[in-house]
Amino acid sequence: MPRLVKKIGYTLYRIWFYILVALPIFLFFPFLLLTTLSQKWYPYFFWLARNLWALPILYGMGCPPKVYWDERLERGKSYMLVANHTSMLDIMLMLYISKNPFVFVGKKELAKIPVFGFFYKRVCIMVDRGDARSRTAVYRRAQKRLNQGLSICIFPEGGVPDDESVLLDNFKNGAFKMAIAHTIPVVPMTFYDNKKRFSFSFFSGGPGRIRAKVHSFYKTENLSEDDKAGLREKVRTVILKELQTR
């Protein structure tokens, strides 16, 4: 009986999450749609997504965030934001951390998610990792966004590992190649608790604080493309060590 009760609880927790994801989109749909009609209006979309979507989801799930800072983001400056990726809550937590507007670079498959996908394909930089032309186009679109004063966010594992016992998967080069090409600092972040609170296993998760740490930034002004692998491994090591010690 207790096992059945737990499964019912997990199911209701999942359903509640998807209600929280969809409800603000329906409530504020006209305003969200309006702010996607021009890229110049993206900062307004970002404000709505951060304050009227991400924050209600985090607090509504009983997952109040706590952020520790080694270095602070400066207003009006562009960054490459990277973090470990284990949960859908990663998106909301990233929006909570950065008040500076940024654009996600992510898989085109996410555009198929009902409701969420409608806006995802309108405001994010989508990439088909199996298509070389798509990967090349990402750099052009990212440059345009950076020229508008925005930051870029990439989860460098390339997705959530299928094996949930993997603490941190290998990193792809894209985020670091892009940061070097556009001479923007890389901001490593460690998300400690999102897998525990809301993993991709259906019968799992539950309320509780979610913690994140923003590590010291890596500057890229004096780096060339040949340095991308070294930068990639430095950033991965920082996040991995933090996950191993907490």
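User: What makes Phe-116 count as buried or exposed in this predicted model?

Analyst: Look at its relative accessibility, which is 14%. Buried means under 20%, so Phe-116 counts as buried.

User: And Trp-53, why is that one called buried?

Analyst: Same kind of check. Trp-53 has 9% relative accessibility, and the cut-off is under 20%, so Trp-53 counts as buried.

User: How many aromatic pairs are there, and what makes Trp-53 and Phe-116 a stacked pair?

Analyst: The structure holds 17 aromatic pairs. For Trp-53 and Phe-116, the ring centres are 6.0 Å apart and the planes meet at 25°. Rings pair when their centres lie within 6.5 Å, and planes under 30 degrees apart count as stacked, so this pair is stacked.

User: Which parts does that pair tie together?

Analyst: Trp-53 sits in helix 3 and Phe-116 in helix 5 (residues 116–123), so the pair ties together parts that are 63 residues apart in sequence. There is also a cluster linked by ring pairs: Phe-29, Tyr-42, Phe-45, Phe-46, Phe-102, Phe-104, Phe-118, Phe-119 and Phe-155.

User: Back to helix 3: what does its length look like against the expected value?

Analyst: Helix 3 covers residues 42–60, which is 19 residues. From first C-alpha to last, helix 3 reaches 25 Å, close to the 27 Å expected at 1.5 Å a residue. Helix 3 also has a kink of about 30°, centred on Arg-50.

User: Which residues of helix 3 are buried?

Analyst: Quite a list, including Tyr-42, Phe-45, Leu-48, Arg-50, Trp-53 and Leu-58. Right after the helix, Gly-62 has a positive phi, near 75°.

User: What makes Arg-50 count as lying over the face of Tyr-96?

Analyst: Distance is one part of the test: the CZ of Arg has to be within 6 Å of the ring centre, and within 35 degrees of the ring normal. Arg-50 is at 5.9 Å from the ring centre of Tyr-96 and lies over its face. Arg-211 has a ring under its charged end too: Tyr-192, with the centre 4.7 Å away.

User: Why is Leu-27 called exposed?

Analyst: Leu-27 has 55% relative accessibility. Exposed means over 50%, so Leu-27 counts as exposed. You'll find Leu-27 in helix 1 (residues 2–27). Its C-alpha is 9.8 Å from that of Leu-52, and the two are 25 residues apart along the chain.

User: What about Thr-183, buried, exposed or partly exposed?

Analyst: Thr-183 comes out at 43% relative accessibility. Buried is under 20% and exposed is over 50%, so Thr-183 counts as partly exposed.

User: What is said about the phi of Thr-183?

Analyst: Thr-183 has a positive phi of about 45° although it is not a glycine. Most residues other than glycine have a negative phi. Thr-183 comes just after helix 7, in the loop between that helix and strand 6 (186–191). Inside helix 7 (residues 174–181), the buried residues include Phe-176 and Ile-180.

User: Zooming out, how do you know that the protein agrees with a compact globule?

Analyst: With 246 residues, a compact globule would have a radius of gyration near 18 Å; the protein has 18 Å, which agrees. The C-alpha trace spans about 60 × 45 × 35 Å along its principal axes. Buried residues make up 48% of the 246, and the secondary structure comes to 9 helices and 7 strands.

Notes: Residues numbered from 1 in each chain as written. Predicted model: local features only at pLDDT ≥ 70, side-chain atom pairs only at ≥ 80, totals over all residues. Heavy atoms only, no water. Helix = DSSP H or I, 4+ residues; strand = E, 2+ residues; numbered from the N terminus. Expected span 1.5 Å × (residues − 1). Bend = angle between axes of the 7 residues up to and from the residue. Buried < 20%, exposed > 50% of the residue type's maximum accessible area, 1.4 Å probe, protein only. Phe/Tyr/Trp six-rings, centres within 6.5 Å; stacked < 30°, edge-to-face > 60°. Rg over C-alpha atoms; globule rule 2.2 N^0.38 Å.
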